[in-house]
Amino acid sequence: MSRNYKFKNPEGLYFVSFAVVEWLDVFTRNEYKDIVLDSLRFCQKEKGLELVAWCIMTNHIHLIFRTTEGFKPEQVLGDFKRFTSKQIVRAIRDNPRESRKENLLKVFKAAANKSSNVKDYQFWRHDNQPIELWSNKVIAQKVNYIHQNPVEAGYVYY
């Protein structure tokens, strides 16, 4: 599968999901989720990211977004993933309370060794597929999916 993001319409609204390699449950710890949230806020403020809906699950993230001010969605998403990858791996490595540290870093290292474009540790899987949302019905469907994802997983109740 191609590693390139296929954003055909730079002004479009997109649904995208991306997962941690091996679908590891990294986002069970708030400090790693906070890195993602801080980076999303930065991208909103500095990189023209407009979020419609988002969800951080234990091992993957869903976003509905578009970019403005001439920013390209594939560049913003790529920058976001590169930055969060490095920051989360560093946070895992430097966290004295992280009981899974050795195993997580071993998996990230092995994934990097299999990849042609990752040097030290690969945190995110490469296989995302942006879907352009073209109608209000499809937008509502994807927003509902994102919001129901933690409900279906049993993380929250309503």
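Which residues of α4 are buried? In this predicted model, the buried residues of α4 are Val138, Val143, Ile146, Asn149 and Pro150. They pack against three strands, β1 (14-19), β2 (49-56) and β3 (60-67). The helix and the sheet are taken in turn below, followed by the salt bridges.

Helix α4 covers residues 136-152. Its 17 residues should span 24 Å at 1.5 Å a residue, and the end C-alpha atoms are 23 Å apart, so the expected and computed values agree. The helix nevertheless has a kink of about 25° at Ile146, shortly before the proline Pro150. Both Ile146 and Pro150 belong to the buried set of α4, and the buried residues of this helix contact β1, β2 and β3. An α-helix has 3.6 residues a turn, so residues three or four places apart point the same way. Among the buried residues, Val143, Ile146 and Asn149 can be viewed with that rule in mind. After α4 comes Gly154, which has a positive phi, near 85°.

The strands that receive α4 belong to an open sheet. Four strands make up this sheet in the order β2-β3-β1-β4, and the pairing is antiparallel. The edge positions are held by β2 and β4, each of which has a single partner strand, so one side of each is left without a neighbour in the sheet. Strands of a sheet pair through backbone hydrogen bonds, either parallel or antiparallel.

Starting from the β2 edge, β2 and β3 form a hairpin with three residues between them. Seven bridges join these two strands in the antiparallel sense. Two of the positions along this pairing can be located directly: Ile56 has Ile61 of β3 as its bridge partner, and Glu50 stands opposite Arg66 in β3.

The next pairing is between β3 and β1, antiparallel over six bridges. Here Tyr14 is partnered by Phe65 of β3, while Ala19 is partnered by His60 of β3. On its other side, β1 is joined to β4 (residues 131-132) by two bridges, and these strands also run antiparallel. In that pairing Phe15 stands opposite Ile131 in β4.

How many of the residues of β1 are buried? Five of the six are, so β1 is largely enclosed by the rest of the structure. Strand β3 is mostly covered, with seven of its eight residues buried. In the strand order β2-β3-β1-β4, β3 and β1 take the places between β2 and β4, and both are also among the strands against which the buried residues of α4 pack.

The charged side chains add another set of contacts. The model contains nine salt bridges. One of them is formed by Glu50 and Arg66, whose closest N and O atoms are 2.6 Å apart. This pair links distant parts of the chain, with Glu50 in strand β2 and Arg66 in strand β3, 16 residues apart. The two residues also stand opposite each other in the β2-β3 pairing. Glu50 counts as partly exposed because its relative accessibility is 33%, and Arg66 is classed as partly exposed because its value is 34%.

A second salt bridge brings together the side chains of Arg100 and Glu98, at 2.8 Å from N to O. Are its two partners buried or exposed to some degree? Glu98 is buried, with a relative accessible area of 4%, whereas Arg100, at 22%, counts as partly exposed. The cut-off for buried is under 20% relative accessible area.

A third salt bridge joins Asp127 and Arg125, at 2.4 Å from N to O. Asp127 is partly exposed, with a relative accessible area of 35%, and Arg125 is partly exposed at 25%. Elsewhere, salt bridges that share partners join Arg29, Glu98 and Arg100 into one network.

The database annotation can be placed on this picture. UniProt, in an unreviewed entry, lists residues 9-129 as "domain: Transposase IS200-like". In the model this span is 44% helix and 18% strand, and its end C-alpha atoms lie 14 Å apart.

Key
Residues are numbered from 1 along each chain as its sequence is written. This is a predicted model: local features need pLDDT of at least 70, side-chain atom pairs count only at pLDDT 80 or more; totals for chains, interfaces and linings use all residues. Side-chain values use heavy atoms; hydrogens and water are left out. The expected span of a helix is 1.5 Å times one less than its number of residues. The bend at a residue is the angle between axes fitted to the seven residues ending there and the seven starting there. Buried means under 20% relative accessible area, exposed over 50%, partly exposed in between (1.4 Å probe, protein chains only). Contact means heavy atoms within 4.5 Å. UniProt positions are given in the numbering used here, feature names are shortened, and annotations may be inferred rather than shown by experiment. A salt bridge is a side-chain nitrogen of Lys or Arg within 4 Å of a carboxyl oxygen of Asp or Glu. Two strands pair if DSSP finds at least two bridges between them.
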